[in-house]
Amino acid sequence: MSSLPPPTVSLSADEARRIALRAQGFLGAPDRRGGVRGVLRHLGAVQLDTISVLARSHELIPYARLGAVGRDAVEKAYWTERHAFEYWSHAACILPIEEWPHFAFRRRANRARGHRWHILEDKQHSTRAVLDRLRADGPLTSTELGGAKNGGEWFEWSETKIAVEWLLDTGEVVCSERRGWKRVYDLPERAVPDALLHDDLDDRECLRRLVALAGRSLGVGTRADIADYHRLKGDQFDAVVADSGLVPVEVEGWGKPAWADPAALATAPRGRHRTTLLSPFDSLVWDRPRTERIFGFTHRLEAYVPKPKRIHGYFAMPLLAGGRLQGRVDPAREGGTLVARQLSLTSPAAAAAMARALREAAEWVGCEAVRVERAQNAAEAAAVTAELTALGT
């Protein structure tokens with residue numbers, strides 16, 4: 001007798017939003033005992049990016065969930081005691097070291113491809129030279145290995161840089177930390193604990209784990225949402241979702257099949273909402289279509305948009321308050337002042353939340369004052385400034 005599939009669970013749009021918030025660490029009291037490392041394990045991936053305004057994005061991620069955790073403590077939590085490694089996930093990401101075996105499928109695919117976008121003239125010689133240096137001298141940056149650039153444009157890498165990045169792609173070296181924003185490369189046997197240093201899992205098991213992990217980190221998501229979390233292909237998702245443990249759900253207004261973490265469905269999400277500014281690379285909002293679907297909020301990173309065409313600013317950060325995205329601000333620092341170069345609110349009632357978020361961010365980065373330079377309109381500027389004054393800023 002064949003067994004029937006379980007009935008699909010129906011969720012309202014509000015329930016899905018709250019599940020997503022809790023899964024990402026923004027609803028309910030944060031588990032401070034786990035600290036930054038707990039945030040990393042909970043999210044499964046923290047995206048890296050070169051842009052630094054208030055701080056770099058990987059620092060903003062734990063700040064958004066835990067509050068004013070020390071920035072030095074953030075770096076130490078990521079990069080000491082072989083706790084994490086950097087690899088290609090949603091983009092370049094910090095990943096929990098226990099996930100090393102589950103990216104074997106990507107390392108194998110890179111080896112099978114045979115090259116990245118740069119071609120090595122003598123791959124065997126160049127890669128052997130890099131490995132010999134690392135064995136002899138310990139963890140090194142590309143500069144210490146012999147230089148990253150080839151004397152031309154930024155993308156004209158040296159032979160050494162091409163070689164070490166190829167070895168990173170294939171898992172023959174590991175990025176064990178960042179030093180002065182430069183990758184530090186090391187041998188896997190030094191950077192990865194012995195129990196994890198293997199590629200024994202086949203592709204299917206790797207993909208099953210990453211789909212399950214993404215579903216847990218998102219709480220609820222469509223095929224595209226869950227696959228995109230670790231940049232999997234749709235057919236890779238399809239091949240393993242039935243064995244992932246995720247539960248099929250229907251979400252009001254989504255119009256597409258979705259899946260949820262069963263633990264997320266076990267209890268109704270409730271608790272305190274975090275009020276904070278979000279990095280545009282935060283995993284709550286890095287997927288723009290999902291952000292619009294869940295929050296009714298359209299957001300775009302404009303750092304690479306020509307300045308005259310920007311609408312909200314270079315590094316506009318969404319404001320999360322009351323479980324909703326209620327505005328955005330493009331921040332900058334001028335000495336001891338945090339400057340809101342441009343801000344906008346979804347409603348006048350969000351002025352107090354914006355002021356609190358700006359005040360907390362200022363204190364975190366060591367600024368003593370906050371100034372609103374420009375807003376969507378004069379009334380918003382006045383309202384946020386008045387709230388800041390009431391907070392003693």
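Which residue forms a salt bridge with Arg-290? The legends below start from that pair and then turn to other close-up views of this model, which is a predicted one.

**View 1. A salt bridge between two helices, formed by Arg-290 and Asp-225.** The partner of Arg-290 is Asp-225, and the closest N and O atoms of the two side chains are 3.0 Å apart. Because Arg-290 belongs to helix H14 (residues 288-295) and Asp-225 to helix H11 (residues 223-229), the pair ties together parts that are 65 residues apart in sequence. Arg-290 has a relative accessibility of 5% and therefore counts as buried, and Asp-225, at 3%, counts as buried too.

**View 2. A salt bridge between Arg-324 and Asp-14, which links distant parts of the chain.** Here the closest N and O atoms are 3.6 Å apart. Arg-324 is in strand S13 (residues 324-334), whereas Asp-14 is in helix H1 (residues 13-23), and 310 residues separate the two along the chain. Arg-324 counts as partly exposed because its relative accessibility is 43%, and the value of 35% for Asp-14 places this residue in the partly exposed class as well. A search of the whole structure finds 29 salt bridges.

**View 3. Glu-165 and Lys-161 in helix H8, and the network to which they belong.** The side chains of Glu-165 and Lys-161 meet in a salt bridge with an N to O distance of 3.1 Å. Both residues lie in helix H8 (residues 159-170), where they are 4 residues apart, or about one turn of the helix. An α-helix has 3.6 residues a turn, so residues three or four places apart point the same way. Glu-165 and Lys-161 are both buried. A network of salt bridges links these two residues with Glu-86, Arg-178 and Arg-183.

**View 4. The crossing of helices H2 and H4.** The axes of helix H2 (residues 35-43) and helix H4 (residues 71-79) come within 8 Å of each other and cross at roughly 55°, which makes H2 oblique to H4. The crossing in which H2 passes H4 is right-handed. On the H2 side, Val-36, Arg-37 and Leu-40 take part in the contact, and they meet Val-74, Lys-76, Ala-77 and Tyr-78 in H4.

**View 5. Helix H3 and the glycine that follows it.** Helix H3 (residues 57-66) is mostly covered, with 10 of its 10 residues buried. Among these buried residues are Ser-57, His-58, Glu-59 and Arg-65, as well as Leu-60, Ile-61 and Tyr-63. After H3 comes Gly-67, whose phi is positive, near 90°.

**View 6. The hairpin of strands S3 and S4, with the loop that leads into S3.** Strand S3 (84-88) and strand S4 (residues 92-96) run antiparallel and are joined by 5 bridges. The two strands form a hairpin with 3 residues between them, and the bridge partner of Phe-85 is Leu-95 in S4. Because 4 of the 5 residues of S3 are buried, this strand is largely enclosed by the rest of the structure. Arg-82 is placed in the loop between H4 and S3, and, although not a glycine, Arg-82 has a positive phi of about 50°. With a relative accessible area of 37%, Arg-82 is partly exposed.

**View 7. A positive phi at Trp-181, in the loop between strands S6 and S7.** Trp-181 is found in the loop between strand S6 (174-179) and strand S7 (182-186). Most residues other than glycine have a negative phi. The phi of Trp-181, by contrast, is positive, near 70°.

**View 8. An open sheet of 5 strands with mixed pairing.** The order of the strands is S11-S12-S13-S14-S15. The edge strands are S11 (276-277) and S15 (369-372), each of which pairs on one side only. S11 pairs with strand S12 (residues 317-321) in the antiparallel sense over 2 bridges, and Thr-276 stands opposite Leu-320 in S12. Strands of a sheet pair through backbone hydrogen bonds, either parallel or antiparallel.

Key. Residues numbered from 1 in each chain as written. Predicted model: local features only at pLDDT ≥ 70, side-chain atom pairs only at ≥ 80, totals over all residues. Heavy atoms only, no water. Salt bridge = Lys/Arg side-chain N within 4 Å of Asp/Glu carboxyl O. Buried < 20%, exposed > 50% of the residue type's maximum accessible area, 1.4 Å probe, protein only. Pairing = 2+ DSSP bridges. Axes fitted to C-alpha atoms, helices over the stretch in contact; angles between N-to-C directions. Parallel < 35°, antiparallel > 145°, perpendicular 65-115°, else oblique. Left-handed = near helix turned anticlockwise from the far one by under 90°. Contact = heavy atoms within 4.5 Å.
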